[in-house]
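Have your viewer open and your selection tool at hand. We will take a short walk through the model, one selection at a time.

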Amino acid sequence: MRYIILALGLAYGCMSALAGAEEVYKWTDKNGNVHYGEFAPSSGKTKTIETPSTPRPAEGNTASSDGSALDKQKQALEGMSEERITKKEAKEKADKEKQETTRRCNTAKGRLTIFEEGGRIRMPDANGKLHVLSDAELKTALAEARKDVDRLCKK
């Protein structure tokens, strides 16, 4: 376990040393193994490798408000995110309204079917007591049910 930790520490140290190095050298030893390092070997042929420099933000100023390209990209992404959320909410609202319209249409069709079948239909009166509809009341209720289906089931 100690050897693993030591090896990882050594590898990390080498990587951090290479990351901050201004020049990196590449060479091949007499056994054909390729090596990279911050310092050139004392003997043998080496090749200098150019490493890209990474610009670092100024201390204390990680997010500039001067309208830099990064700030503009962040603002654009935030705008797109808000737009997606708005579209998603609008779609959910439209879907909910469509489901409610479908439910109301189906209810109206069910009432119409009941009135079209005829027979003795009992409905509550103003006091909440059930009474059997007369022929005139049935005709009126049937006409209203057809109007409801026409109004609620528009396509």
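**A salt bridge between two helices**

Start by selecting R111, which is partly exposed, with a relative accessible area of 35%. Keep in mind as you go that this is a predicted model. Now add D148 to the selection: the side chains of D148 and R111 meet in a salt bridge, at 3.7 Å from N to O. Colour the two helices and you will see what this pair does: D148 lies in helix 3 (residues 135-152) and R111 in helix 2, so the salt bridge ties together parts that are 37 residues apart in sequence. D148 counts as partly exposed as well, because its relative accessible area is 22%, and the buried class is reserved for values under 20%.

**Along helix 2**

Stay on helix 2 and select E100 and R104. Their closest N and O atoms are 3.2 Å apart, in a salt bridge. Both residues lie in helix 2, four residues apart, which is about one turn of the helix. E100 is partly exposed at 28% relative accessibility, and R104 is partly exposed at 45%. Add R103 to the view: salt bridges that share partners join E100, R103 and R104 into one network.

Next, select E83 and K87, again in helix 2 (residues 69-117) and four residues apart. Their side chains form a salt bridge with an N to O distance of 3.3 Å. Are these two residues buried, partly exposed or exposed? K87 counts as exposed, at 55% relative accessibility, while E83 is partly exposed at 43%. For the whole model, the count comes to seven salt bridges.

**The three-stranded sheet**

Now move to the strands. In what order do the strands of the sheet lie? The sheet is open, has three strands in the order 2-1-3, and its pairing is antiparallel. Strand 2 (34-37) and strand 3 (46-49) stand at the edges with a single partner strand each, so one side of each has no neighbour in the sheet. From one strand to the next, the twist averages 25 degrees.

Select strand 1 (residues 24-28) together with strand 3: four bridges join this antiparallel pair. Look at V24 here, whose bridge partner in strand 3 is I49. On the other pairing, strand 1 and strand 2 are also antiparallel, over four bridges. Pick W27 and you will find H35 of strand 2 opposite.

Finish at the hairpin formed by strand 1 and strand 2, with five residues between them. In its turn, select G32 and check the backbone: phi is positive, at about 90 degrees.

Notes. Residues numbered from 1 in each chain as written. Predicted model: local features only at pLDDT ≥ 70, side-chain atom pairs only at ≥ 80, totals over all residues. Heavy atoms only, no water. Pairing = 2+ DSSP bridges. Axes fitted to C-alpha atoms, helices over the stretch in contact; angles between N-to-C directions. Salt bridge = Lys/Arg side-chain N within 4 Å of Asp/Glu carboxyl O. Buried < 20%, exposed > 50% of the residue type's maximum accessible area, 1.4 Å probe, protein only.
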